[in-house]
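User: Could you take a close look at one part of this model for me, the salt bridges, and walk me through who pairs with whom? I'm new to this, so please explain the terms as you go.

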Amino acid sequence: MKATILVAIIYFSVLSGCSSSRHQQLVELGFERAYLDGYQDGCYSRSMAGKTYQDGFRRDPERSVVVKKYRSGWKDGFEHCYADDRDSYL
């Protein structure tokens with residue numbers, strides 16, 4: 001029983017570390033704030049879409065229309081988080 005709990009703690013620690021390290025990788029690669037904000041909003045939207053139908057997408061509609069990098073980041077984040085969560089839908 002303790003081994004199962006330990007494995008679960010390690011598993012969730014690794015998962016939470018992946019999301020912050022992905023963001024850090026994008027920062028280190030030189031992506032601009034608008035792209036990073038869009039990526040984070042898109043990723044959040046994808047993770048919420050898989051869990052509930054009540055919460056809507058997180059997206060800044062004005063920024064999405066005006067700022068191409070935000071729009072691109074949102075799309076990339078939405079698609080990337082879907083790829084990460086595909087196994088949970090099978």
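Analyst: Let's start with the key term: a salt bridge is a side-chain nitrogen of Lys or Arg within 4 Å of a carboxyl oxygen of Asp or Glu. Before the pairs, some ground rules. This is a predicted model, where local features need pLDDT of at least 70 and side-chain atom pairs count only at pLDDT 80 or more, while totals for chains, interfaces and linings use all residues. Residues are numbered from 1 along each chain as its sequence is written, and side-chain values use heavy atoms, with hydrogens and water left out.

The structure has four salt bridges, and a good place to begin is Asp37. Its side chain meets that of Arg33 in a salt bridge, with 3.1 Å from N to O. Asp37 and Arg33 are about one helical turn apart, because they sit four residues apart in helix α2, which covers residues 33-51. (Helices here are DSSP runs of H or I with at least four residues, strands are runs of E with at least two, and both are numbered from the N terminus.)

Asp37 has another partner too: it forms a salt bridge with Arg63, and the closest N and O atoms are 3.0 Å apart. Asp37 is in helix α2 while Arg63 is in helix α3 (residues 61-66), so this pair ties together parts that are 26 residues apart in sequence. Put these pairs together and you get a network of salt bridges linking Arg33, Asp37 and Arg63.

How open are these residues? Asp37 counts as buried, at 18% relative accessibility, and Arg63 is partly exposed, with a relative accessible area of 24%. As for the cut-offs, buried means under 20% relative accessible area, exposed means over 50%, and partly exposed is in between, using a 1.4 Å probe and protein chains only.

Now for another pair. Arg58 forms a salt bridge with Asp41, where the closest N and O atoms are 3.7 Å apart. Arg58 lies in the loop between α2 and α3, and Asp41 in helix α2, so the pair ties together parts that are 17 residues apart in sequence. Arg58 is partly exposed, with a relative accessible area of 34%, whereas Asp41 counts as buried at 13% relative accessibility.
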